[in-house]
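Trainee: I would like a close look at one small part of a protein, explained step by step. Here is the one I have open.

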Amino acid sequence: MSYFRITLMRSGIGLPKRTQGVLKALGLRQIMKTVFYPVTPEVAGQIMKVKELVAVQEVDRALTKEELKAERRPDPGFYLESAVPR
């Protein structure tokens, strides 16, 4: 079973109540919040109502909270830990 990975990229502030209601129904309350839904025509219709505000990917499985957090964590070793001595 495949899933939609839906991430809120832009705010719904100032948009019609109906559009804000779709975002609320999808569970998108904060920018950069990601939710997973099974691929169904109903969810696809909701996505089409707010397509300008969200980023959508089709994935094989829904990720857990820990996996999403690990994705956002930067790779170790890319940061300067101390200044070079002169």
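Trainee: Read along the sequence, what pattern does the protein follow? After that, please take me through the salt bridge of glutamate 71 and arginine 5.

Mentor: Happy to. A word on ground rules: this is a predicted model, where local features need pLDDT of at least 70 and side-chain atom pairs count only at pLDDT 80 or more, while totals for chains, interfaces and linings use all residues. Residues are numbered from 1 along each chain as its sequence is written, and side-chain values use heavy atoms, leaving out hydrogens and water.

Your question first: the pattern along the sequence is β-α-β-α-β-α, made from three helices and three strands. Here helices (H or I, at least four residues) and strands (E, at least two) are DSSP runs, numbered from the N terminus.

Now for the pair you chose. Glutamate 71 sits in helix 3, which covers residues 65-72, and arginine 5 belongs to strand 1, residues 3-8. Their side chains form a salt bridge, with N and O 2.8 Å apart; the term asks for a side-chain nitrogen of Lys or Arg within 4 Å of a carboxyl oxygen of Asp or Glu. This salt bridge links distant parts of the chain, as the two residues are 66 residues apart.

The side chains of arginine 5 and glutamate 71 are also joined by a polar contact of 2.8 Å. That term means a pair of N or O atoms within 3.5 Å; within protein, one must be able to donate a hydrogen and the other to accept it, and residues adjacent in sequence count only if both atoms are side-chain atoms.

How covered are the two partners? Arginine 5 counts as buried because its relative accessible area is 15%, whereas glutamate 71 is partly exposed because it has 46%. The cut-offs are under 20% for buried, over 50% for exposed, and in between for partly exposed (1.4 Å probe, protein chains only).

The surroundings fill in the picture. A contact means heavy atoms within 4.5 Å. Leaving aside neighbours within four places in sequence, glutamate 71 is in contact with Arg5 and Leu63. With the same neighbours left out, the contacts of arginine 5 include Thr34, Val35, Phe36, Ala55, Leu63 and Leu68, as well as Glu71. So Leu63 appears among the contacts of glutamate 71 and among those of arginine 5.

The structure holds three salt bridges, so let us meet the others. Glutamate 67 pairs with arginine 61 at 3.0 Å, N to O. Glutamate 67 is partly exposed because its relative accessible area is 28%, and arginine 61 is partly exposed at 46%. Glutamate 52 pairs with lysine 51, their closest N and O atoms being 3.8 Å apart. Here glutamate 52 is exposed because its value is 53%, while lysine 51, at 45%, is partly exposed.

Finally, step back to the whole protein. Of its 86 residues, 24% count as buried. Among contacts with a separation of 6 or more, 72% are between residues 24 or more positions apart. The C-alpha trace spans about 60 × 35 × 15 Å along its principal axes.
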